[in-house]
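Q: Hi! Could you walk me through this one? I'd like to start with a sheet and then look at the empty spaces.

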Amino acid sequence: MANQNLYGGLKTGNVEAVGKTQVKVEARVDLKVSAKRVISTTAKCFLGEVTRVEDEVKLSGRVVTRVIFIDEHDNWNSEERVDTFTEKLILKEASNVVSLVPSAHVLETKVADGGNPSFVEAMNIVDITLLGLIQREVSFVQDVKGEIEKQIEKTTVATFSRTITHVFEVEERFDLDKNCEGILGTDITAIVREVMVAEGKVTIKGVAGLNVIAVKMSEGQMIYNSAYEFDFSKSVTVAELGMDDNVVGSVSVMNVAVKAENKTKPELVVTMELCFSGFVVSNSKMEFVRDAFSFNNELVFAEGAVQESRVLPQVNSFADVEGNLTMKDGAPFISKILAVEGTKIKTMNVVTANEKVTLEGVMMATCVFECEERQIHAHKIDVPFSTAIRVDGHESTHSVQAFVSVVSCQVKVRRGKELLVDARLGVSLSSSTHVARTVVSDITLGAEKQRDDSAILIFTISEDETIWDIAKRISYPITEILRQNPHLEDGPRAGDKIFIYRQQVVNF
């Protein structure tokens, strides 16, 4: 009966982590001027080239370790060290992984307590995740012809058609404090604010947060923070992109170049290379034969598996984090906060409910302050946070991918021991369902059924039996069953009788 079947097919897909690892990157930061005291050591990670050969993925990256210190001349100073790394990962289910999106960040920086004034040794723990687009070919019976009764089911399946990876450059200028003497370091984060899809084009709009650690002359040489936010926008041409498609993804900072200019007024020129990585999702409508029976022959079914998915449009928003932290007993009383650096998300859990996603985690930062004895200290702070974000159409059973970055962070002091933290997070949420189900992939004719040619047939309805079940059991069209048994219009009940008249009675 193969020639009587109308077949359909599609590529179903889902996105999941296909590789995870942690890499240790050692760094020795040589100081051009000897340090009288090291204040803080922080690090950030940038991914480089990703190459794949069958199930093996090789990726490279670099870790920039920054040391801020007070040098032997009692001046604020800083040095950075760039270390590269390569790592190999073996993919899970490699034959179905069609594209990859990597991400990496420094999970922890451990500093060796060497006390040497000419260098600082650190161990950076880099956390690496490979998101993979997994596709599977699915064939199914879309329709069937002949003397056959059939059930057609309609559903929507998310098909991940391709990966978008686009690198672009952004340049911005910022006014500096007129007393600025130099830049010790910069931290930049970027988040997606909106993804707009048009025919053949996707536009990424986002926000970047820039934190500058600088030195100025004000009552002597002093370290301070300057925080800036600015918008960016980029349009990317994507072949065969439809207006009904969704694009989900995130932006990462690949490279940063900072230059301070002193013309009529101090100015900071920041050039950064951003990379948008995402997936194109089409919610395709699918019709297939759920069940069928022949009036004359048995049917033989072949079945296949399909990953039924639905992806909601990405939700991008901001979340405010406020916290009060009390310094431990024995810690010095804080006179004033000088700078905050190295802010990042340390841990995070995603809690889902209908129409709502709650992010619970810990934000970490290094706080540089001056105590009442006018000594400089650096203290790492952990700030717990919890924020709820509304996601229309989201259900508690959906899976969620969350991209969270720290856009800005300010710390104030109260009563010498209490820190008041005010931070702004950028959040991008992607919600989806992935449900495995079985579909009919082929139908063929089997043995001929034995027919009962009695003029009248009587059947009794069993418990929980539907009209379809009855029709399939007695191999009779549903329309005829209902025409001859109108009492079944409101639904069959267990114990009811069904009467089938096979021959027409004519009275003369």
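Q: Which strands form the open sheet, and in what order?

A: Keep in mind that this is a predicted model. The open sheet has three strands, ordered β8-β9-β10, and the pairing is antiparallel.

Q: Why is one side of β8 and of β10 left without a neighbour in the sheet?

A: β8 (180-198) and β10 (221-237) are at the edges with a single partner strand each, so each has one side with no neighbour in the sheet. From one strand to the next, the twist averages 15°.

Q: Nice. How many bridges do β8 and β9 pair over?

A: β8 pairs with β9 (residues 201-217) over 16 bridges, in the antiparallel sense.

Q: And which residue in β9 is the bridge partner of Asp187?

A: That would be Asn211.

Q: Let's switch to β16 and β17. What sits between them?

A: The two strands make a hairpin with four residues between them. One residue to look at in the turn is Arg374, whose phi is positive, at about 65°. β16 (residues 356-371) and β17 pair over 15 bridges in the antiparallel sense. Val357 has Ile389 in β17 as its bridge partner.

Q: On to pockets, then. What is the volume of the second largest pocket?

A: About 420 Å³. Its lining comprises 21 residues, and Val38, Thr41, Val111, Ala112 and Val120 are the ones nearest the centre.

Q: Which strand gives the most to that lining?

A: β2 does, with seven residues. The strands β2 (35-53), β6 (119-144) and β17 (376-390) each contribute at least two residues, so to speak of β17 again, the hairpin strand also helps line this pocket.

Q: What's the lining like by class?

A: There are nine nonpolar, seven polar and five charged residues around the second largest pocket.

Q: How many cavities of 30 Å³ or more turn up in the whole structure?

A: One. The largest cavity holds about 60 Å³ of space.

Q: Which residues line the largest cavity?

A: Among them are Val101, Leu131, Val248, Phe279, Gln314, Gln401, Phe403 and Ser430. The lining also includes Gly249, Ser250, Ser277 and Gly278. At least two lining residues come from each of β11 (246-262), β12 (266-294) and β18 (399-414).

Q: And how many of that cavity's lining residues are nonpolar, polar or charged?

A: For the largest cavity it's five nonpolar and seven polar, with no charged residues. The lining of the second largest pocket, by contrast, has five charged residues.

How values were computed. Residues are numbered from 1 along each chain as its sequence is written. This is a predicted model: local features need pLDDT of at least 70, side-chain atom pairs count only at pLDDT 80 or more; totals for chains, interfaces and linings use all residues. Side-chain values use heavy atoms; hydrogens and water are left out. Two strands pair if DSSP finds at least two bridges between them. Axes are lines fitted to C-alpha atoms, for helices over the stretch in contact, and angles run from 0 to 180 degrees between N-to-C directions. On a 1 Å grid over the protein atoms alone, a cavity is a set of points where a 1.4 Å probe fits but cannot get out, and a pocket is an open set with protein on both sides within 12 Å along at least five of seven lines; lining residues have an atom within 4 Å of a point. Grid points are joined across faces, edges and corners, and a volume is the space filled by probe spheres set on the points. Ala, Val, Leu, Ile, Met, Phe, Trp, Tyr, Cys and Pro count as nonpolar, Asp, Glu, Lys and Arg as charged, and the others, Gly among them, as polar.
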